[in-house]
Amino acid sequence: MSAVETRTIPWSWYSDPIVLRLEQERIFRRSWQYVARREEILEPGSFLTTRAGEVPVVLVRDEEGELRAFLNVCRHRGSLVCEGSGKRATLQCPYHAWTYGLDGRLVAAPRLNREGGSDPADLSLVPVQVDTWGPLVFVNPDPEAPPLLEFLDDVPQRISEAGIDLDGLRFLRRWEWEVEANWKISAENFLECYHCPVAHPGFSALMDVSPEAYLLETSGGRMTQHGPPRVEPKGGYDISGEVERGQFHFLFPGTTINVMPGRPNFSIGSLAPLAADRTQRFLDYFVAPDADPKWIEESLAFDVQVGTEDSVLVARVQAGVQAGLIENGRLLPESEQLIARFQSLVVDALA
């Protein structure tokens with residue numbers, strides 16, 4: 001078999017602020033991103049602030065119970081309208097008290113009628129696409145973007161076929177952390193287990209990460225890894241249970257979904273650039289309502305250990321690629337095929 005050479009994107013793209021600005025505009029502002037749980041904004045009048053990439057967003061449940069999303073930006077002088085979460089009859093900007101209804105309409109603005117020059121009907125909060133998958137809330141700043149179901153591809157079906165009822169799971173916790181690396185490096189690290197035998201001894205003692213067993217596939221913006229546990233798993237946590245295989249999905253540009261063998265479990269999160277060399281990560285964890293507390297503790301500790309190991313790895317990559325004396329790297333055509341797909345999506349978006 002002849003070798004196939006696959007070059008990476010230019011390494012300068014991992015530290016160039018100009019490239020990051022283009023990525024924010026052409027990727028994150030046009031993509032679906034997981035942001036919250038539906039139960040966080042369930043009652044009429046509740047609101048929750050979040051971000052889609054760098055775009056500030058406020059989720060609102062209006063008086064009729066409809067879930068809405070808007071840019072969390074006042075139409076007057078650009079202040080953030082809301083912070084945190086809570087319950088309100090209106091949304092009032094703390095800068096000059098411009099006040100918006102839960103449907104986004106401007107309902108009050110001191111001196112606007114007296115001084116004129118603007119029609120309140122033209123100054124509503126800017127809507128953002130919002131939709132749900134079971135208990136999960138996603139937003140997309142692009143009003144012309146395809147629907148959420150298209151973005152999710154067949155992931156909901158795969159989760160269901162694994163014996164996991166998302167609506168029946170119990171939320172455990174959110175883990176938030178930052179990594180000292182470009183968002184693409186963090187994504188690419190998620191997209192291959194070629195590094196697992198060396199860098200994740202605990203994961204590799206539990207899961208069969210051989211190329212014959214650990215399978216990779218792509219479909220549009222979905223990149224999937226899945227495989228079985230080892231015949232004789234060691235350490236980690238008790239993997240006996242209804243879920244027989246692990247499945248790990250990446251939905252471009254930054255939604256990560258994980259299911260591990262064992263009792264019904266599910267985690268979902270997002271990665272978003274904070275700077276050219278810094279990335280914000282979070283994961284929301286869900287388990288079966290009757291999951292044993294000891295099993296939960298051990299499985300969470302296992303996952304955090306793997307995540308901590310990854311944080312060290314991606315920081316080392318960032319330190320290397322930003323040296324500036326090597327133009328690009330190489331990818332293995334089989335083991336790193338998901339990275340090749342990811343990089344092609346980045347190039348297409350920037351082009």
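Ile159 is buried, with a relative accessibility of just 1%. In this predicted model, you'll find Ile159 in helix α4, which covers residues 155-161. If you want a partner to look at alongside it, try Val243: the two residues are 84 apart in sequence, and their C-alpha atoms are 9.9 Å apart in space.

Now for the cysteines. How many disulfides does a search of the whole structure find? The search turns up one. The bond joins Cys193 and Cys196, whose sulfur atoms sit 1.9 Å apart. A pair counts as a disulfide when the sulfurs are within 2.5 Å, so Cys193 and Cys196, at 1.9 Å, qualify. Look along the S-S bond and you'll see a torsion of about -105°, which makes this disulfide left-handed. Both ends are tucked away from the surface: Cys193 is buried with a relative accessible area of 9%, and Cys196 is buried at 4%.

What about Cys93, which has a cysteine sulfur 4.0 Å away? That closest sulfur belongs to Cys74, and the gap is too far for a bond. Cys93 is buried as well, with a relative accessible area of 3%. Cys82 has a longer way to go on its own account: the closest cysteine sulfur, in Cys93, is 8.8 Å off, again too far for a bond. Cys82 is also buried, at 5% relative accessible area.Let's move to the sheets. As a reminder, strands of a sheet pair through backbone hydrogen bonds, in either a parallel or an antiparallel way. One open sheet here has four strands in the order β5-β4-β3-β6, and the pairing is antiparallel. At its edges are β5 (67-71) and β6 (85-87), each of which pairs on one side only. On average, neighbouring strands of this four-stranded sheet are turned by 25° against each other, ignoring direction. Inside the sheet, β3 (residues 46-52) and β4 (residues 55-61) pair in the antiparallel sense over six bridges. For a place to start when tracing that pairing, take Thr49: its bridge partner in β4 is Val58.

Another open sheet is built from three strands, ordered β2-β11-β10, and here too the pairing is antiparallel. Which strands are at its edges? They are β2 (33-37) and β10 (129-133), and each pairs on one side only. Neighbouring strands in this three-stranded sheet are turned by 35° against each other on average, with direction ignored. β2 runs antiparallel to β11 (residues 136-140), and four bridges join the two. You can pick up that ladder at Arg37, whose bridge partner in β11 is Leu136.

Next, the empty space inside. Rolling a probe the size of a water molecule over the atoms shows where such space is left. In this structure there are two cavities of 30 Å³ or more. The largest has a volume of about 440 Å³. Its lining takes in 26 residues, and those nearest the centre are Phe190, Asn258, Val306, Gly307 and Asp310. Where does the lining come from? The elements that each supply at least two residues are β12 (170-179), α5 (183-190), β18 (278-287) and α8 (293-321). Helix α8 gives the most, with seven residues. Sort the lining of the largest cavity by class and you get 14 nonpolar, eight polar and four charged residues.

The second largest cavity has a volume of about 170 Å³. It is lined by 15 residues, with Met260, Asn265, Tyr285, Ser299 and Asp303 closest to its centre. Two or more residues come from each of β17 (265-275), β18 and α8. Which element has the largest share of this lining? That is α8, with five residues. By class, the lining of the second largest cavity has ten nonpolar, four polar and one charged residues.

If you have the model open, α8 is a handy place to tie the two cavities together: this helix gives seven residues to the lining of the largest cavity and five to the lining of the second largest. Strand β18 also turns up in both, supplying at least two residues to the largest cavity's lining and two or more to that of the second largest.

Technical notes: Residues numbered from 1 in each chain as written. Predicted model: local features only at pLDDT ≥ 70, side-chain atom pairs only at ≥ 80, totals over all residues. Heavy atoms only, no water. Buried < 20%, exposed > 50% of the residue type's maximum accessible area, 1.4 Å probe, protein only. Pairing = 2+ DSSP bridges. Axes fitted to C-alpha atoms, helices over the stretch in contact; angles between N-to-C directions. 1 Å grid on protein atoms, 1.4 Å probe; cavity = no way out; pocket = protein on both sides within 12 Å on 5 of 7 lines; lining within 4 Å. Points joined across faces, edges and corners; volume = space filled by probe spheres on them. Nonpolar A, V, L, I, M, F, W, Y, C, P; charged D, E, K, R; others polar.
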